[in-house]
Amino acid sequence: MSWKPDEKWLKIYNESIAPKQAAKTKKAGITADISWGEFEKSIPKKFTDAQKFIDASCIKLMTPFTPMRNGILYKSATLGTKIGSGHIVYNSPYARYQYYGVVYGPNLPIFENGVLVGFFSPKKKHPTNRELQYNKTRHPKAQRLWFEVMKKKHGPAILRGAAAIMGGKAK
């Protein structure tokens, strides 16, 4: 999972490494025809299919470790991610501080008649030294750095699945 073919790589591959027509070289009376044949057609699709498998598997397997109160955070991964892109995006506004598990502030209390009614937060927040306390009612395994936790637990299985899609075996 440390390397994936991105669009730039596939473009280079399709334009230079895997020529659309056989390349012919003639030197000293020898003619060589170079054609990737079926290999040319199958490799980019295999990369794409393997990346889709990795992205979808990561999102699914991260869910139990993702904090959940109303479901918006974990659903934002599905909504914000283009499966196969290699980039998982949580597009909820609070995803970053939930992921890193640190309270961002300042969060200034607002009082009315001596009663706390809410908090004011300026546009620019900074991490504090306080850790978030996750509600584990709906996801008992919820914690910070949920991708890293999922990767440690399920990474080898995801790698084996991607390797199988590519037609190989994971080391």
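This passage describes the nonpolar core, one helix and a surface patch of a predicted model.

In soluble globular proteins, nonpolar side chains tend to be buried together. In this model, the largest nonpolar core comprises 15 residues. Those with the most contacts inside this core are Cys58, Met62, Tyr90, Trp146 and Met150. Four helices each supply at least two of the core residues: α2 (37-62), α3 (72-80), α4 (95-100) and α5 (146-166). Helix α2 provides the largest share, with five residues.

Helix α3 was then examined for burial. Its buried residues are Leu73, Ser76 and Ala77. These residues lie on the same side of α3, because they cover an arc of only 105° around the axis. Thr78 and Leu79 sit on the other side of α3, where both are exposed.

Nonpolar residues also occur on the surface. Leu108, Ile110, Val115, Val117 and Phe120 form a nonpolar patch there. Together they have about 430 Å² of accessible area. Two strands, β4 (108-112) and β5 (115-120), each supply at least two residues of the patch. Strand β5 gives the most, with three residues.

Val117 illustrates the patch at the level of a single residue. This valine is found in strand β5. Its relative accessible area is 48%. Val117 is therefore classed as partly exposed, since the exposed class begins only over 50%. The value still meets the requirement for patch membership, because patches are made of residues with over 30% relative accessible area.

Key
Residues numbered from 1 in each chain as written. Predicted model: local features only at pLDDT ≥ 70, side-chain atom pairs only at ≥ 80, totals over all residues. Heavy atoms only, no water. Core = buried A, V, L, I, M, F, W, Y, C linked by side-chain atoms within 4.5 Å. Buried < 20%, exposed > 50% of the residue type's maximum accessible area, 1.4 Å probe, protein only. Arc of directions from axis to C-beta. Patch = residues over 30% accessible without salt bridge, like charges linked within 9 Å, V, L, I, M, F, W, Y side chains within 5 Å. Areas by Shrake-Rupley, 256 points an atom, 1.4 Å probe, with all protein chains shown as cover. Salt bridge = Lys/Arg side-chain N within 4 Å of Asp/Glu carboxyl O.
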